[in-house]
Amino acid sequence: MLVNLGIPWVILGHSERRLLLNESNDFVADKVAYALSQGLKVIACVGETLEQRESGATMAVVAAQTKAIAARSFKLDMDKGIISRTKAFERVWKA
């Protein structure tokens, strides 16, 4: 639908979708790969919950999310996609 409307970018892996709809890392990675295969540019969101942050799991969580995307042959290319840490534009938790 986005391609048909001429919209070049899509945001995938947003925290609400991961948390409320239980979108797994693999599911988000599949969506990223599909969007790229359709010629869309992708903003792939990664980030941890407050519980994960407080337990010191931030790096492991973000690495797992990023590795899932990379495993689907996504190459970080500023012309085709961006990986954005969720907290950069919106927090799941409050500071």
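Select glutamate 48 first: in this predicted model, its relative accessibility is 1%, and the residue counts as buried. Next, add arginine 53, which forms a salt bridge with glutamate 48. The closest N and O atoms of this pair lie 3.5 Å apart. Arginine 53, in contrast to its buried partner, is partly exposed, with a relative accessible area of 38%.

Then display Arg17, Glu23 and Lys31, which are joined into one network by salt bridges that share partners. The structure holds five salt bridges.

Proceed to arginine 72, in the loop between H4 and strand E3 (81-85). Which residues of helix H2 should be shown with arginine 72? One is aspartate 26 in helix H2, 46 residues apart from arginine 72; the closest N and O atoms of this salt bridge are 3.3 Å apart. Another is aspartate 30, also in helix H2 and 42 residues apart from arginine 72, with a closest N and O distance of 2.6 Å. Arginine 72 is partly exposed at 26% relative accessibility, as are aspartate 26 at 44% and aspartate 30 at 40%.

Now select the largest nonpolar core, which has eleven residues, including Val10, Leu12, Val28, Leu40 and Ile69. Strand E1 (9-12), helix H2 (25-37), strand E2 (41-46) and helix H4 (58-70) each give two or more residues to this core. H2 gives the most, with four.

Finally, colour the whole chain by secondary structure: four helices and three strands run β-α-α-β-α-α-β from the N terminus. Of the 95 residues, 34% count as buried.

Key. Residues are numbered from 1 along each chain as its sequence is written. This is a predicted model: local features need pLDDT of at least 70, side-chain atom pairs count only at pLDDT 80 or more; totals for chains, interfaces and linings use all residues. Side-chain values use heavy atoms; hydrogens and water are left out. A nonpolar core is a set of buried Ala, Val, Leu, Ile, Met, Phe, Trp, Tyr and Cys residues joined through side-chain atoms within 4.5 Å. Buried means under 20% relative accessible area, exposed over 50%, partly exposed in between (1.4 Å probe, protein chains only). A salt bridge is a side-chain nitrogen of Lys or Arg within 4 Å of a carboxyl oxygen of Asp or Glu.
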